[in-house]
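Q: Could you take me through the salt bridges of this model in some detail? I would like to see the charged pairs set against the chain as a whole.

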Amino acid sequence: MRSNRMLGAALVEHNLVKVEDLEKANEKLFQIIATQNLRQSTLLGVLAFDMRVVTEDAVIGHVVDHDGLGMIDLRSYDVSEDLRKSVDLGACWATWTVPFDKEDEFYLVATAYYLSAASRKHWEKVLDAPIIWYATSLEMIADYLEKIESDRSAAPGGAQA
């Protein structure tokens, strides 16, 4: 919830959505969260796909232009086996963010929620190393996480890492 609240505040601050639209989106988000559907429990998804008051491309474009992030397509990226096994999926779903590689002492992290200070701070604390941030879509994050969940379920004994 904190990641969603901080994202909403940042979207208003950067004039990407109006306060009135944010309030309506928050109401819809609470209803979605009650269903425990992780893939749809996203404020950005409600604003972009349900209400159509902002586009995901506009948000990604904003962080690329104003914050200097690169963009990543996780479908074509060979994700580190260690990260696939060890990543906290609950935290990834909550922050719409995934660490997808480590190069020397740097983590490479993809996010749809870069504007959420809570999401960034969470991963900075958890990873405790320099991060190179990349912007990506909600769909990319969700597909990536669902693939990891599937891989973990298919592991011998269905053990979760």
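A: Happy to; here are the charged pairs, with the chain as a backdrop. Please keep in mind that this is a predicted model.

Let's begin with the setting. The chain holds 8 helices and 4 strands, arranged along the sequence as α-α-α-α-β-α-α-β-β-α-β-α. Its radius of gyration is 16 Å, close to the 15 Å that the globule rule gives for 161 residues, so the chain is as compact as a globular protein of that length. Of those 161 residues, 46% count as buried.

Now to the charges. The chain carries 16 positive and 26 negative charges, and their mean positions lie 5 Å apart. Side chains of opposite charge can pair when their charged atoms come close. With a cut-off of 4 Å between a side-chain nitrogen of Lys or Arg and a carboxyl oxygen of Asp or Glu, the count is 2 salt bridges.

One of them joins arginine 75 to aspartate 73, with 3.0 Å from N to O. Arginine 75 is exposed, at 62% relative accessibility, while aspartate 73 is partly exposed, at 30%.

The other pair is aspartate 151 and lysine 147, whose side chains meet at 3.2 Å, N to O. Both residues sit in helix 8, which spans residues 138-154, and because they are 4 residues apart there, about one helical turn separates them. Aspartate 151 is partly exposed, with a relative accessibility of 34%.

Terms used: Residues numbered from 1 in each chain as written. Predicted model: local features only at pLDDT ≥ 70, side-chain atom pairs only at ≥ 80, totals over all residues. Heavy atoms only, no water. Helix = DSSP H or I, 4+ residues; strand = E, 2+ residues; numbered from the N terminus. Rg over C-alpha atoms; globule rule 2.2 N^0.38 Å. Buried < 20%, exposed > 50% of the residue type's maximum accessible area, 1.4 Å probe, protein only. Lys, Arg positive; Asp, Glu negative; His and termini not counted. Charge placed at Lys NZ, Arg CZ, Asp CG, Glu CD.
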